[in-house]
Amino acid sequence: MRLEIDRVADAAYLELLDHFVDRTEALDPRRFVDYDERGDVVGVELLSISRGVDLSGLPHRAELERL
């Protein structure tokens, strides 16, 4: 698991698996979930993090909360 924060872009990405991203699902305009070809969650992208982060409904929420 790896967390990357880009302060210039005001974004964060949590990589859960080192897999190829097959598809991305937008939960809303600020939250995106990446999946591999098997449907496993690869990562979570969060935008506009300086405005706060809504973790509700995100996969692997406990890991995100710890970070």
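How many bridges join β3 to β4? In this predicted model, in which local features require pLDDT of at least 70, side-chain atom pairs count only at pLDDT 80 or more, and totals for chains, interfaces and linings use all residues, five bridges join the two strands, which run antiparallel. Residues are numbered from 1 along each chain as its sequence is written, and side-chain values use heavy atoms, with hydrogens and water left out.

Helices (H or I, at least four residues) and strands (E, at least two) are DSSP runs, numbered from the N terminus, and two strands are taken to pair if DSSP finds at least two bridges between them. On this basis, five strands form an open sheet in the order β1-β2-β5-β4-β3, with antiparallel pairing. Strands β1 and β3 (23-28) stand at the edges with a single partner strand each, so one side of each lacks a neighbour in the sheet. From one strand to the next, the twist averages 15 degrees, where axes are lines fitted to C-alpha atoms, for helices over the stretch in contact, and angles run from 0 to 180 degrees between N-to-C directions.

At one edge of the sheet, β1 (residues 2-6) pairs with β2 (residues 11-15) in the antiparallel sense over five bridges. Within this pair, Glu4 has Tyr13 of β2 as its bridge partner. Four residues lie between the strands of the β1 and β2 hairpin. Towards the other edge, a hairpin of two residues connects β3 to β4, and Glu25 has Val33 of β4 as its bridge partner. Strand β4 (31-35) is followed by β5 (41-47), and these two strands are joined by five bridges in antiparallel orientation. Across this pairing, Phe32 is placed opposite Glu45 of β5, and Asp34 opposite Gly43. The β4 and β5 hairpin has five residues between its strands, and Gly39 in the turn takes a positive phi of about 95 degrees.

Accessibility was classed as buried (under 20% relative accessible area), exposed (over 50%) or partly exposed (in between), with a 1.4 Å probe and protein chains only. Five of the five residues of β4 are buried, so this strand is largely enclosed by the rest of the structure. Arg31, Val33 and Tyr35 point one way from β4, whereas Phe32 and Asp34 point the other way.

Most residues other than glycine have a negative phi. Asp10, although not a glycine, has a positive phi of about 55 degrees and lies in the loop between β1 and β2. Ser48 likewise is not a glycine and has a positive phi of about 55 degrees; its place is in the loop between β5 and α1 (61-66). Ser48 counts as buried because its relative accessibility is 19%. Asp10 and Ser48 are in contact (heavy atoms within 4.5 Å). Further contacts of Asp10, with residues up to four places away in sequence not counted, include Leu46, Leu47, Ile49 and Ser50. The C-alpha atoms of Asp10 and Leu46 are separated by 8.6 Å, with the two residues 36 apart along the chain.

Side chains of opposite charge can pair when their charged atoms come close. With a salt bridge defined as a side-chain nitrogen of Lys or Arg within 4 Å of a carboxyl oxygen of Asp or Glu, the count comes to seven. One of these joins Glu4 to Arg2 at 2.9 Å, N to O. Glu4 is partly exposed at 40% relative accessibility, as is Arg2 at 41%. Glu25 forms a salt bridge with Arg23, with the closest N and O atoms 3.8 Å apart; Glu25 is partly exposed at 32%, and Arg23 at 41%. A further salt bridge links Arg31 to Asp28 at 2.7 Å, N to O. Arg31 is buried, with a relative accessible area of 9%, whereas Asp28 is partly exposed at 26%. Salt bridges that share partners join Arg2, Glu4 and Glu15 into one network.

Asp36, in the loop between β4 and β5, is buried yet has no salt bridge. Lys and Arg count as positive and Asp and Glu as negative, with His and the chain ends not counted; the nearest side chain of opposite charge to Asp36 is that of Arg38, 4.4 Å away. The side chain of Asp36 instead makes a polar contact of 2.9 Å with that of His19. Such a contact is a pair of N or O atoms within 3.5 Å; within protein, one must be able to donate a hydrogen and the other to accept it, and residues adjacent in sequence count only if both atoms are side-chain atoms. Beyond four places in sequence, Asp36 also touches Leu17, Phe20, Asp22 and Val42.
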